[in-house]
Amino acid sequence: MTPQTTFQSHPVNRLTVQDQPVFMYEGAEAWSSLILSAYQGMKEQGSTVVLLDGTHGTDFDALIQALQGVCEREGIASSANSTSAYLKPEERLRHDMASYLTDNRAFGFTAHGVSPLQYFREDAQQDARNQLQSAVSQGGIHVLYGPGAALLAGEYGDISFYADFSRENQQLRHANGMGSFGLGDTSDKVETYKDCYFLQWPVWETYRREWLAHYETLALNKAFYIDMNQPDNPVGLPVQALKRVLVQQSRQPFRVKPFFAPGIWGGQYLKKLCDLPEEWPNCAWSFEPIAPENTLLIQVQSATIELPFTLLMEAAPEQIMGPRNVELFGDYFPIRFDYLDTMDGGKLSLQVHPKQSYIESTFNEHMTQQESYYIMKQEPGAKVYLGLKNGVTGAALLEAVEQAHDSKTPLPVSDYVNEYEASTGDLYLIPQGTVHCSGKDNLVLEISSTPWWFTFKIYDYLRLDADGKPRPMNPEHARHNIDDDMDTTAAENGLIARPEVVRSQGGNTEELLGQRDDLLFQVKRLKLQDTWEDDTCGEFVMLNLVEGQRVRLVPQANENMAVEWGYAEAYIIPAEVGAYRLENLSDAPVTLIAASVNPDWKQPLLPFAWKAGKEAGHDFR
């Protein structure tokens, strides 16, 4: 299992912003200097109020301490107050948000239309503004920091900042006990992730979006965005410059920063390929991309800033996805690539994903989880499990699983579910309602719709999770979603791909691998000997090098935007790129997987806020 190339786990997208210079700063001292300059520019006022908004988990203290050090050296009075002082008590907040948090460990009900103000006491705004008014009367520099700072302070802010922290880094802090915002510490990262997925992120990432939209309209150098993913070296820029950077990035190919995670069934291949920490027991998942979870590293001038993929989508959805896809999905990027590594690992749980109507009514989600498995590598004897055996019903499977749990006797899965020998290059299509899983000794490239949390586990071989707790099983959810018609006949007549050559250029061929009416994505495979000419035709394309060493993609309109990548890496080609060519840089033929939206897909699956036409927004005055 020797890796074929050096995998870039921190890929940097390099930009040249040509229209206007982009002022960027690095370091907490530079941040403090911005505030000091603002204070000196309004000496007649005698005081400066700093609103330091941001994401839960951000190391606000690192910034506050740096600023206080500068103030002490300059002999300027300073004070800082956290928005956490205005939160409702945890018990009250849990009561108020109970319908979204639910009493289920893994699943909640997605919060849409919930105001961040609902996190705070009824008198929070008035109390915060009274305290700021009192501080202002004493002169100096005063900071209100934490999620919702601008919302609580209103017109009292003189200079404003949004300090951001990635979902990936938040989850690292969850593993060390940090709970969801306002809900105290935690010892259960599964439940904490659920609290974030269904409540915190829908509420507070919507707030971030509205914050940026509001402050983008203000005078230059009055509002700044800060990347706090490296707390000892924050990187910031004016909000207006952030928008220019994002729009520029939307016009050229880009790669997100992969997001890795170990798991109870995880394997060893990705750990070696991606040079992951030696202390990790394995790597189960690598997401590249999964829009709400991943970030991008973007280099502008000499600075590199880490930004959520969702900010890019919010800034330029049409440039990235194209008009047809925006009509279907709004600014929600609809397709994901991720890896499931069971090489020298274990089997995935036997599972099923919800039907569209069920995910809407039960979880308040707008898009269900449709999947496919592409086998990139496998060891001899590796298996894929797909569809019920003819004559087996979902009810019979669930009854057998219950008996296995009660008797603590392993279930013979292949008595109930079709078992197929896995081979490199196979593609298995997995519509909603299809029972499935990967066996051990596979490296699976999962090409799927973007939701990722809605896996209803049916059977998990009686094993415990890494935390020593039983893995959450979901028999009742599964009962409502297993499609008995997805059986042996269906699997062998529509779920197992049979490649069809659809185009050729010289010795290069493009095959249609997977397309169904009930899957929003289309999968093609390009076998490349030398050079391939293509065009986005107004819609994004995702490319992954699944065999071979290295390729280059050159946009015809601007060859300076050319990108190169290696084995197992993926790039997104925005709709606006248009014509491009692919060049094989390897010493042998290479193979790429291309994913895009099914050209026959016509069902809009719009985020709820997009469906509504316009979010109500918040009054930052």
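**Close-up views of a predicted model**

**Figure 1. Residues from two helices, α8 and α9, meet here.** Trp211, Leu212 and Tyr215 on the α8 side touch Val239, Gln240 and Leu242 on the α9 side. Sorted by class, the residues of this contact are five nonpolar and one polar, with no charged residue among them. A pair of packed helices can be described by the angle between the axes and the distance between them. Here α8 and α9, the latter spanning residues 239-249, pack at about 110°, and their axes lie 9 Å apart. That angle makes α8 roughly perpendicular to α9. As you explore this view and the ones that follow, please keep in mind that the whole model is predicted.

**Figure 2. Helix α7 and its buried residues.** Which residues of α7 are buried? In this helix, which covers residues 167-175, they are Arg167, Glu168, Asn169, Gln170 and His174. The buried residues of α7 have two packing partners: α8, residues 189-215, and β9, residues 259-261. Just as a reminder for reading helices, an α-helix has 3.6 residues a turn, so residues three or four places apart point the same way. After α7 comes Gly177, with a positive phi near 110°.

**Figure 3. The largest cavity and its lining.** Rolling a probe the size of a water molecule over the atoms shows where empty space is left. How many cavities of 30 Å³ or more are counted? The count comes to two, and the largest cavity has a volume of about 160 Å³. Its lining is made by 21 residues, and those nearest the centre are Thr55, Phe165, Gln170, Glu205 and Arg208. Two elements, α7 and α8, each give two or more residues to this lining. Of the elements, α8 gives the most, with five residues. The lining of the largest cavity is a mixture by class: eight residues are nonpolar, nine are polar and four are charged. One name may already be familiar, as Gln170 is also among the buried residues of α7.

**Figure 4. Cys196, a buried residue of helix α8.** Let us stay with α8, where Cys196 is found. Is Cys196 buried or exposed? Cys196 is buried, because its relative accessible area is 0%. Setting aside residues up to four places away in sequence, Cys196 touches His174, Ser180, Trp201 and Pro202. Of these, His174 is one of the buried residues of α7. For a sense of scale, the C-alpha atoms of Cys196 and Ser361 are separated by 20 Å, and the two residues are 165 residues apart along the chain.

**Figure 5. A cis peptide bond, with Phe333 as a companion view.** Look for the link between Glu288 and Pro289, which is a cis peptide bond with omega about 0°. Pro289 sits in the loop between β10, residues 285-287, and β11, residues 295-300. Phe333 belongs to another loop, between α13 (323-329) and β13. Although Phe333 and Pro289 are 44 residues apart along the chain, their C-alpha atoms are separated by 9.6 Å. Phe333 counts as buried because its relative accessible area is 1%. Neighbours within four places in sequence aside, Phe333 is in contact with a list of residues including Ala291, Phe309, Met313, Ile320 and Met321. Thr450, Phe540, Met542 and Ile572 are also in contact with Phe333.

**Figure 6. Two residues with positive phi that are not glycines.** Asp344 has a positive phi of about 60°, although it is not a glycine. Find Asp344 in the loop between β13, residues 335-341, and β14, residues 350-352. Asp344 is exposed, because its relative accessible area is 52%. The other residue in this view, Tyr461, has a positive phi of about 65° and is not a glycine. Tyr461 lies in the loop between β21, residues 456-459, and α16, residues 475-479. Its relative accessibility is 21%, so Tyr461 counts as partly exposed.

**Figure 7. Asp59 in its loop.** Where does Asp59 lie? Asp59 is in the loop that runs between β3 (47-54) and α2 (60-74). Asp59 counts as partly exposed because its relative accessibility is 29%. Once neighbours within four places in sequence are left aside, Asp59 is in contact with Met228 and Pro231. Asp59 and Tyr459 are 400 residues apart in sequence, and from C-alpha to C-alpha they are 40 Å apart in space.

How values were computed
Residues numbered from 1 in each chain as written. Predicted model: local features only at pLDDT ≥ 70, side-chain atom pairs only at ≥ 80, totals over all residues. Heavy atoms only, no water. Buried < 20%, exposed > 50% of the residue type's maximum accessible area, 1.4 Å probe, protein only. Helix = DSSP H or I, 4+ residues; strand = E, 2+ residues; numbered from the N terminus. Contact = heavy atoms within 4.5 Å. Axes fitted to C-alpha atoms, helices over the stretch in contact; angles between N-to-C directions. Parallel < 35°, antiparallel > 145°, perpendicular 65-115°, else oblique. Nonpolar A, V, L, I, M, F, W, Y, C, P; charged D, E, K, R; others polar. 1 Å grid on protein atoms, 1.4 Å probe; cavity = no way out; pocket = protein on both sides within 12 Å on 5 of 7 lines; lining within 4 Å. Points joined across faces, edges and corners; volume = space filled by probe spheres on them.
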